[in-house]
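Open the model in your viewer and keep the sequence panel visible. The stops below run from the whole chain to single residues.

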Amino acid sequence: MGADAKTAMKVEMTDAAAKRIARIVAGEPGKTALRVSVEGGGCSGFSYKFDLVADANDDDVAIEKDGATILIDDLSLVYMGGSVIDFVDDLMGQSFQIRNPNAVASCGCGTSFSV
């Protein structure tokens with residue numbers, strides 16, 4: 001895989017996401033990371049799934065920042081390459097949001113997309 005392909009597969013997390021993940025994991029005994037995966041379904045074709053997990057799987061890529069860890073499996077990474085995972089706290093509420101350059105359409109709730 002060339003340097004351009006590796007860069008395209010990279011996923012980043014913002015400082016806000018790292019702080020929120022670290023706080024959530026600290027309050028959940030036995031959990032060490034937030035798993036983000038892509039599943040078929042949702043109103044736009046694919047949807048994001050968020051889970052707290054204790055261990056990484058063999059096919060996981062770990063993104064670490066400021067004591068927080070996000071795990072993404074190889075298959076999900078294909079759809080999420082180049083994305084930025086953020087945590088937003090605004091008038092609409094608190095949520096993790098994924099800015100995915102691969103998504104050509106998304107739903108209003110921000111959890112479903114198509115490529």
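Start with the whole protein chain: of its 115 residues, 37% count as buried, where buried means under 20% relative accessible area, exposed over 50% and partly exposed in between, with a 1.4 Å probe and protein chains only. This is a predicted model, in which local features need pLDDT of at least 70 and side-chain atom pairs count only at pLDDT 80 or more, while totals for chains, interfaces and linings use all residues. Residues are numbered from 1 along each chain as its sequence is written, and side-chain values use heavy atoms, with hydrogens and water left out.

Next, colour by secondary structure. The protein chain has three helices and nine strands, in the order α-β-α-β-β-β-β-α-β-β-β-β along the sequence. These are DSSP runs numbered from the N terminus (helices: H or I, at least four residues; strands: E, at least two).

Now select Glu39, in strand β2 (residues 33–40). Glu39 is partly exposed, at a relative accessible area of 34%. Leaving aside residues up to four places away in sequence, Glu39 touches Gly45, Phe46, Ser47 and Lys49; contact means heavy atoms within 4.5 Å. Add Tyr79 to the selection: its C-alpha atom is 10.0 Å from that of Glu39, and the two residues are 40 residues apart along the chain.

Last, go to the loop between β4 (60–65) and β5 (68–73), where Asp66 lies. Which sign does the phi of Asp66 have? Phi is positive there, about 50°, although Asp66 is not a glycine. Most residues other than glycine have a negative phi. Asp66 is exposed, with a relative accessible area of 59%.
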